[in-house]
Amino acid sequence: MSLSLALIEQIKSEIEQVILDNSEKTEQFRLDFLSKKGKISQLFDDFKLVEPALRKELGKPLNELKQAAEQKWKEAQENVANQPKEKTAKQFDASAPAWNFPVGSRHPLSIIANEIQEIFSKIGFTVAEGPEIEDDWHNFSALNFPKEHPARDMQDTFFISAEPEIALRTHTSSVQVRMMENNKPPLRMLMPGRVYRNEAISARAHCFFHQVEGLYVDKNVSFADLKQTLLHFAREMFGEDTKIRLRPSYFPFTEPSAEVDISCTVCKGKGCNICKYSGWVEILGCGMVHPNVLTNCSIDPEVYTGFAFGMGIERIAILKYQVKDLRLFSQNDLRFIQQFKSAW
Ligand code: DAH
């Protein structure tokens, strides 16, 4: 088609109708109209062949057409550059590797606490919790710690008020008392939670840590039941060939009392620096519930007997995962925490 006003008009309206709302369309517009082989360049080529008489008539609108097209392209380019990047079907690459979303994981102490609960729930223990802020009765007196008794100093206490005596609980044994006060035997309960002691923080001690308390009160509960229950636990937790050893000990709320060692999980009893070359590591305290404690909770010690135990969750985690520094559990360092994975 030779150059004419009608042709210029036609291309002008074509240009006006194009919508340039993304970078692809803008580039296509440039190719169609402004590039060397584009329609406008074509018109300029044709212009060279136009008779001189017509040049004046066609020159101006042709130049205006070119300017309008350039203007439209420039504006579109600026708009597209300012737009948020859009994903068109072409840009989406279904074969690209999936994004690596950070996925959280359970805290190692939660993993261990859950494992302990699972082992005991299979043999009929239910789980209960009590308050972290306790009165003197539940943390000490009902547990047979007489006033001014030196055993109270065994656990350095953070007091909240002196009168009445309110403190951060120093052990989960306080929850035993609450359970016995509020429920009738038979009782078979597991009580996990955080406890607090006024200790200097180091690799081996912290001012807060976690315990799980166990309690079984019924008619005819014996020390043999305690021992068998703990052996079962040790094997489930640390492996079939784990051995346990009970050493006589003292707690005001149990009589007799014992501390329980397991054969070292690292050297299997041969001796290493974890077990300080003894082949054994301590995991918990336990005993038969003292008759005074039963009486304090309105349970008749002539009818009922019971056993109790308390273990540190950090201690179990340290043995299971061979963690060398207690502080790692509360520093929230992802490099540490991300090493632990659980199914739930
Ligand atoms: N409450 C003790 C502590 O924190 C642990 C303990 C020992 C709990 C003997 C018990 C027990 O239930 O029978 O050191």
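Select strands S9 (residues 280-289) and S10 (residues 305-312) first. They pair in the antiparallel sense over 5 bridges. The model you are looking at is predicted. Now pick out Gly287: opposite it, in S10, stands Ala308.

**Cys286 in S9**

Stay in strand S9 and select Cys286. Is Cys286 buried or exposed? With a relative accessibility of 2%, it counts as buried, because the cut-off for buried is under 20%. Show its contacts, leaving aside neighbours within four places in sequence. Leu226, Leu230 and Phe251 are among them. So are Thr254, Pro256, Ser257, Ala258 and Val260. Ala308 and Phe309 complete the list. Next, draw a distance from Cys286 to Gly310. These two are 24 residues apart along the chain, and their C-alpha atoms are separated by 6.3 Å.

**Along to S8 and S7**

Move from S9 to S8. The two strands run antiparallel, joined by 8 bridges. One place to look is Ser263, which stands opposite Trp280 in S9. Colour S8 by accessibility. 8 of its 10 residues are buried, so the strand is largely enclosed by the rest of the structure.

Go on to S7. It runs antiparallel to S8, with 7 bridges between them. Select Ser249 and find its bridge partner in S8, Ser257. How many residues lie between S7 and S8 in their hairpin? There are 2.

**The whole sheet**

Now show every strand of this sheet. It is open, has 7 strands and mixed pairing, and its order is S1-S5-S6-S10-S9-S8-S7. Which strands stand at the edges? They are S1 (126-127) and S7 (244-251). Each has a single partner strand, so one side of each is left without a neighbour in the sheet.

**Helices on the sheet**

Add helix H8 (residues 223-238). It lies across S7, S8 (254-263), S9 and S10. Compare its direction with that of S10: H8 runs at about 30° to that strand. Leu226 and Leu230, met earlier as contacts of Cys286, are worth keeping on screen here.

Then return to the strands S9 and S10, which pair over 5 bridges. H7 packs on this sheet too, touching S5 (187-196), S6 (208-218), S9 and S10. The direction of H7 makes about 140° with that of S5.

**His171, just before H7**

Step back along the chain to His171. It sits in the loop between strand S4 (166-168) and helix H7 (173-182). His171 is buried, with a relative accessible area of 2%. Display what it touches, not counting residues up to four places away in sequence. The set is Asn139, Leu143, Phe145, Gln155, Val195, Arg197, Gln211 and Phe253.

**The three-stranded sheet**

S4 leads to another sheet. This one is open, with 3 strands in the order S2-S4-S3 and antiparallel pairing. At its edges stand S2 (133-135) and S3 (159-161). Each of these has a single partner strand, so one side of each lacks a neighbour in the sheet. Direction ignored, neighbouring strands here are turned by 35° against each other on average. Zoom in on S3 and S4, which pair in the antiparallel sense over 2 bridges. Ser161 stands opposite Ile166 in S4.

**H5 against H10**

Hide the strands and show two helices: H5 (residues 108-121) and H10 (residues 313-321). They pack at an angle of about 100°, with their axes 9 Å apart. H5 and H10 are therefore roughly perpendicular to each other. By class, their contact has 10 nonpolar, no polar and 3 charged residues. On the H5 side, select Pro108, Leu109, Ile111, Ile112, Ala113, Glu115 and Ile116. On the H10 side, select Ile313, Glu314, Ile316, Ala317, Lys320 and Tyr321.

Keep Tyr321, in helix H10, selected. At 28% relative accessibility it counts as partly exposed. Leaving aside neighbours within four places in sequence, it is in contact with Pro108, Ile111, Ile112 and Phe340. Draw one more distance, to Ile133. The two residues are 188 apart along the chain, and their C-alpha atoms are separated by 30 Å.

**Zoom out**

Finish with the full chain. It is divided into domain 1 (5-82) and domain 2 (108-328). How far apart do the C-alpha centres of the two domains lie? They lie 86 Å apart.

Definitions and conventions: Residues numbered from 1 in each chain as written. Predicted model: local features only at pLDDT ≥ 70, side-chain atom pairs only at ≥ 80, totals over all residues. Heavy atoms only, no water. Domains from an automatic or database assignment. Axes fitted to C-alpha atoms, helices over the stretch in contact; angles between N-to-C directions. Helix = DSSP H or I, 4+ residues; strand = E, 2+ residues; numbered from the N terminus. Parallel < 35°, antiparallel > 145°, perpendicular 65-115°, else oblique. Contact = heavy atoms within 4.5 Å. Nonpolar A, V, L, I, M, F, W, Y, C, P; charged D, E, K, R; others polar. Buried < 20%, exposed > 50% of the residue type's maximum accessible area, 1.4 Å probe, protein only. Pairing = 2+ DSSP bridges.
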